[in-house]
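Please take a moment with the sequence and the structure before reading on. The paragraphs that follow are meant for a reader who meets this chain here without any earlier acquaintance.

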Amino acid sequence: MNQLASPPRHPRLSHRAALVLGLCVLGASACQRLDFDLDPRVGDAGRVRFTGGGCTSSVTLAVGASETFTIESASAEPLPDELGAVSESPEIIDVTPGPEPSTVDLRAHAVGESRLVVTLPDGGTFDTITFRADIARLVHYTAAPRVFRGGTLDVAIGETYGACALDPDTDNLEGCRLIGHGFLGWSVEPPEAAAVYADREGTASLRTALAGAARIVGVERSEGWELVRHGFEVVSEADAGELVATATALSMLSGEPLPSVTLPGTIQLGDGFVVALAAKLPDGTLVPISRRDAFWRAEGCESVAPAPSSYQGASLDTLFLSGGLCTVALAVDVPFLGKSAEFTLTIAAP
């Protein structure tokens, strides 16, 4: 976002609410907490709860993966300041301070488990919790089938599971659920078609260079299991025509995805919305444009703003925060295509 002389007023969404929206970007309901006695994210003494890693209560990381967790109070009592955490088996899972206060980064190195000790500033123990690590054997992912030459193709890793998910007799996939990101090694076939330039927060991004058919392959690093093989077509950027955008409202109270609207159009007020961008080909079909290649501005409505990049999660599209009824002009620039456009969106009462 551009720096302004005075900070704009942003919608009143908490960091956690915005992050949940970014991760559950198709409008699924927010993560539901388990009963206290059943929640494996609650510490042994019942004082802390570890939150993060998407809409799951799993405490098992994929080997080679990392994840950031927030240490929250598991009760109405506030937590002491400056809590830390140490791992009793760092060769299995190590822990380091996170990017923000009350956060920690966990990284899994080998199959097994490690008890984490939540520490007070004087080194005393405040609570403990056990995390585990297992090999990823199955992933769900999302990626576009076509991309323009010179543009970005994103592969967003969603649900990840261990070997038990491959057993046809398994009736509890949540028990096989793994968390964390960054455990896949990426390659492109043919290598000259594109190059992976980023792998952040569960999304691998590659920049295309050669028109034609290609594929991206993701391999689990520790044992070499091929978990992603996605074929895609690289289309000449010279064929890109009119930009087309669709908006989808998000609601943390709704358990169902809300309908998408082609802009200009109207959506109902919710907790935010996502905008997908594409360019039309001469035959009328659309080629998606990654949010990493689209630079958006919201004009004419102070209650709408693009979410900070840290809130976007693994979304392939752009998350906006919204906090009121208004009509907003959404302007976008796509430098690699040399195109710009402006779309009108009305946010109406439900």
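In this predicted model, a good place to begin is the salt bridge that Arg-207 forms with Asp-293, where the closest N and O atoms are 2.8 Å apart. The pair links distant parts of the chain, since Arg-207 belongs to strand S15 (residues 203-208) while Asp-293 sits in the loop between strand S22 (286-289) and strand S23 (295-299), and the two residues are 86 residues apart. Are the two partners buried or exposed, or somewhere in between? Arg-207 has a relative accessibility of 32% and therefore counts as partly exposed, whereas Asp-293, at 5%, counts as buried, because buried means under 20% relative accessible area.

Another salt bridge joins distant parts of the chain. The side chains of Arg-149 and Glu-237 meet with a distance of 2.9 Å from N to O. Arg-149 lies in the loop between strand S10 (146-148) and strand S11 (152-161), and Glu-237 in the loop between strand S17 (226-235) and strand S18 (243-250), which places the pair 88 residues apart. Here Arg-149 counts as partly exposed, with a relative accessibility of 29%, and Glu-237 counts as partly exposed as well, with a value of 32%.

A further salt bridge brings together the side chains of Arg-297 and Glu-299, at 3.3 Å from N to O. Arg-297 is partly exposed at 31% relative accessibility, and Glu-299 is partly exposed at 35%. Elsewhere, Glu-189, Arg-215, Glu-226 and Arg-229 are joined into one network by salt bridges that share partners. How many salt bridges does the count give? The count comes to 13 salt bridges.

The backbone also deserves attention. Most residues other than glycine have a negative phi, and most peptide bonds are trans. Against that background, the peptide bond from Glu-189 to Pro-190 is cis, with omega near -10°, and Pro-190 is found in the loop between strand S13 (184-189) and strand S14 (194-200). Glu-189 is thus met again here, as a member of the salt-bridge network described above. The peptide bond from Leu-263 to Pro-264 is likewise cis, with omega near 5°, and Pro-264 is placed in the loop between strand S19 (260-262) and strand S20 (265-268).

Positive phi values can be found at residues that are not glycine. Glu-201 has a positive phi of about 50° and is located in the loop between S14 and S15; with a relative accessible area of 52%, Glu-201 is exposed, because exposed means over 50%. Ser-102 has a phi near 65°, again a positive value in a residue other than glycine, and its place is the loop between S5 and S6. Ser-102 counts as partly exposed, at 43% relative accessibility.

Ser-102 leads on to a pocket. The second largest pocket has a volume of about 210 Å³, and of the 16 residues that line this pocket, the closest to its centre are Glu-82, Leu-83, Pro-101, Ser-102 and Thr-103. Which elements give two or more residues to the lining? They are strand S4 (84-87), strand S5 (93-97) and strand S6 (103-108). By residue type, the lining of the second largest pocket divides into eight nonpolar, five polar and three charged residues.

With these local features in place, the chain can be viewed as a whole. The chain holds one helix and 27 strands, and of its 350 residues, 46% count as buried. Among the contacts in the chain with a separation of 6 or more, 62% are accounted for by residues 24 or more positions apart.

Some care is needed in reading the model, and the confidence values help with this. The mean pLDDT of the chain is 87, and 87% of the residues reach 70 or more. Over residues 1-30, however, the pLDDT is below 50, although this stretch has 58 contacts in the model beyond near neighbours in sequence.

Technical notes. Residues numbered from 1 in each chain as written. Predicted model: local features only at pLDDT ≥ 70, side-chain atom pairs only at ≥ 80, totals over all residues. Heavy atoms only, no water. 1 Å grid on protein atoms, 1.4 Å probe; cavity = no way out; pocket = protein on both sides within 12 Å on 5 of 7 lines; lining within 4 Å. Points joined across faces, edges and corners; volume = space filled by probe spheres on them. Helix = DSSP H or I, 4+ residues; strand = E, 2+ residues; numbered from the N terminus. Nonpolar A, V, L, I, M, F, W, Y, C, P; charged D, E, K, R; others polar. pLDDT = per-residue confidence, 0-100. Contact = heavy atoms within 4.5 Å. Salt bridge = Lys/Arg side-chain N within 4 Å of Asp/Glu carboxyl O. Buried < 20%, exposed > 50% of the residue type's maximum accessible area, 1.4 Å probe, protein only.
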